[in-house]
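Welcome, and please open your viewer. We will take a short walk through the model, one selection at a time.

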Amino acid sequence: MSARIAVPVFPGTNSEDETVRLLRDCGGDAELVHWSEPDALRQFDAYVLSGGFAYEDRIRAGAVAAHDRMMDLVIAAADAGKLVFGICNGAQILLEAGLVPGTGPARRPTAAFAKNAPSAHFICRHVHLRLALEPGRCAITAALPSGALIPAWAAHAEGRLAATPQRLEEIVSGGHVAFVYAHADGTVDSEAVPNGSALGCAGLVNRDGNVLAIMPHPERDAWNFNHLDLIEGDDVLAPSGGSAVFRSFVQALA
Amino acid sequence: MVSSGVSGTANVALRDDELARIEERLGRAPSAVELHAFDAQWSEHCSYKSSRHHLKRLPTSGAGVVLGPGEDAGILHLGVHEGERYGVVVAHESHNHPSQVVPFEGAATGVGGIVRDVLCMGAEVIGLADGLRFGSVEGAHQAYVATSAVDGIGAYGNAIGVPNVAGDVYFDAGFDENCLVNVVALGIVNENEIVHSFAPKNADGWQIVLVGKATDPSGFGGASFSSLSLDSEDAELNKGAVQVPDPFLENVLMRASYHVLRLLRQLAIPAGFKDLGAGGIVGCSAEITAHGGYGAQIDLDAVNVAVEGMAPQVIAAGETQERLLWVVPPEIAPEVLRIYNDVFTLPDVAYNARAGVIGQVTAERRYVMRHRGEVVMDVESEFLTGSIRDELPYTEVIRHEGAVDELPAVDVEAIFPQVLAHRDVCSREPLYRRYDAVVRGATVLPRGRADAGVLAPIPGSRLGVALAVAGNPRYGRIDPRYAAEHAVLEAMRRVVAVGARPIGLTDCLNFGNPRKPDQYGAFVAAVDGLAHAATQLDLAFVSGNVSLYNESGDGLAVPASAIVAAIGAFDNVGDAVTPGLKEPGSTLLWIGSRELVVGGSVLADVLGIEGPLPGLSYGAERAAVAIVHEAIARGVLRSCRAVRDGGMLTALARLSFDAMLRGRTVGAEIDFGNPLCEGGGFLCEVSDAGAIDLTGVLRVGETNDRRELIVNGVRFDVRRLYDVWSQPLEELYP
């Protein structure tokens, strides 16, 4: 029996359908779990928190959802070593819940995905993510090649990693920066960063390597039809591009 | 017996003759509820009373039309996937008046409403577009409108998770006091699973279910507000007529409604489903029943309200957002309520939001409403919703025929950067990057990449949809009819330029005061232009909207603005033409139809000159489209852009920018009389010009292996041109 993946839906989530579709296209056994039935989450082996505006981003992105009943169960699963992958709003929720970077006391957020800078506005921009760790440091990225370059879309108003210098130092020394923003050729500089994120950070991993939070959306550049100029193979419907990180996630469950 | 006794008719827009007609038909003075019900239903906004008889001239049927105008949205046949026929649902609305007064809320609620119009046809909402016309943003209020309206559109569309894939923006002093915010929504539906905006057969005794936000006093009088000219002294008063957006609730409402739609399909139960727009509960419940040939009994006490003690006319006619109305058989109503209230927990999502039964469908065609046990409204359904008509006099607008003027000698080296930096040409990215263009993961060409947005809307299917809008106000100033024809042509060219087959159109007609014969004449001329162009191109209008009274305090109408959306189809979305020059050594072709004249162009604006608009040749237009499609079919088309604002050289520059942004080193050398004239047609990069019939096609140059454009011997560095083009809106939209 294959591992079962839950995609929890909070009120305000908006990327659940394409997230489930891509997981399935990558061989995963994924389904939605609705906020009115949180206990159903117990039956799953892994969790993908998708994008959106859970609870309207009240207070700040992820702040309310981090205390939702569904998150109690996701946190317990993460503590038990199950894989948890958050994208965009999902990443914001994981950070608010203190699951990433996880450098301080348990369940205490030690960093923030703060408002974008220098412009605080929502930004929708195509980006690339470069894997910044040895692939095996995070179970979810273990099947990616070293230095993998993943195409994705940044689409958020609050994605700038912000923390005190000491916390940032812990994030670096603890090997928590999973992905950095890069150009299409893999080079890294401040121009590649769409939101002013500290360390050019696009994704964080926890200490144990089973929880990954990334701000951009690889699932929006994940099929050949999303990037006709860079088509792989000849099937326009085939997963490609950003699907690599989802494939790696599914492989980690095999 | 309804008690009369309206003490005055303050705050209604009904005219004395209309009021007299109502009193005569009722045999008594209308109650307050009736007065406000007629005020909304007989407003221009709801009744199209002065436009409908002209709109009848538009072609609305044809082979690809699944559902023409008349319901909340129209439907075009897209294609067949796994034996099932799929349709594209499309609706087009304006939210001009609200956006001028409170731009964030006005524009946001425009998005919310158009999305519900598509949703209630049984469709999944797949995309958005916006046509924006802002004033000259040197003015503080104009800049506020231009930025806040964009933020409102973004905040709403981003939160509900519908990608914004197409649109256009113009800045013009003619919109200083009346911005235009037009929005288009697309949906996808199995053609066997369409839900209609009226009660189905044998619905006598079915239940009327109101779903969504608790009714509040916001938006009371909105329909009649939209049907008057804005008076700046009333700005504070007008704010009360604008609705309050809650995209968070709409997000949940959409998902819950998808759930209900799935249930009804599984059980093969028909239903009526309709958005509450102008006219609120009374407008929606009267229309959904009357259009099915029924009456209705409505109990206002069953309505979920936000505050106690609201007057019955406010509950009945207020335009609170995020509400929908179902007509369903009694046996299924409890399950519909359970899905909204318990599964999707509407009452926890927004204060007192819920689904509840508020009345019944009746065979007798009377619309009866009760409040606290009293009958507060009792009228013939058809009298309320039927054809009120207002045939107003208008001045014939003389068509400017295209006498070709002498082309000015232009110093391309000095002028081209000015054209690229012009407000109508420069990059819109600072604006549209605030919109999510890629949520749903189905975006093939996002906003701004190409002339049209492209989506792959059906999981597992190669079928594709293209969407573009057009409507050039510089042309509208000179000639309303020509501008309307041009809007059809440009919208069509835009979807052709990405490789799609045009399948249909929608329109939003934004004009001045219909009670002024010259302003009304511009509207009538534009309808003629739309009808002529669409007929010549064998395309139908399946949805549309009219926004009149876009008139400034000193009595000037906005530039004539027939804004047209074109919808295109792909059998295989993999055939979409991707942005940017592809390879050195390609041949560049101009496949055009019009004489090169300067009138109405950006060049004319930069040079401060005037001239007549060119004539049109529909035969040549059809031929140009056929050539582009042939080049795609033969596999020789490498890139393509429609030639529009800023002329062919701007189109070429855009192709070279896209090549550079993708890391390709490709430029071009062309030789062409005046490349800044807006000659229409297409600029195409082809690998083998010999593969296609070149009748009517002009070879203008070829691509090279440098980031350089050489135009009539003048050299331009592509990076420097890009910097000129990409910067101007950065200050307004940081």
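How many helices and strands does the secondary structure of chain B come to? Select chain B and colour by secondary structure: you should find 24 helices and 26 strands, where helices (H or I, at least four residues) and strands (E, at least two) are DSSP runs numbered from the N terminus. The radius of gyration, taken over C-alpha atoms, is 26 Å, close to the 27 Å that the globule rule (2.2 Å times the number of residues to the power 0.38) gives for 734 residues, so chain B is as compact as a globular protein of that length.

Before moving on, a word on conventions. This is a predicted model, in which local features need pLDDT of at least 70 and side-chain atom pairs count only at pLDDT 80 or more, while totals for chains, interfaces and linings use all residues. Residues are numbered from 1 along each chain as its sequence is written, chains are lettered from A and ligands numbered from 1 in the order written, and side-chain values use heavy atoms, without hydrogens and water.

Now show the C-alpha trace of chain B, which spans about 85 × 55 × 45 Å along its principal axes.

Next, bring in chain A and select the contact (heavy atoms within 4.5 Å): 45 residues come from chain B and 34 from chain A. The two chains bury about 2,900 Å² between them, 58% of it on carbon and sulfur atoms; buried area is the accessible area (1.4 Å probe) lost on being put together, summed over both parts. Finally, pick Phe248(B), Val438(B) and Gly441(B), which lose the most area to chain A in chain B, together 19% of what that side buries.
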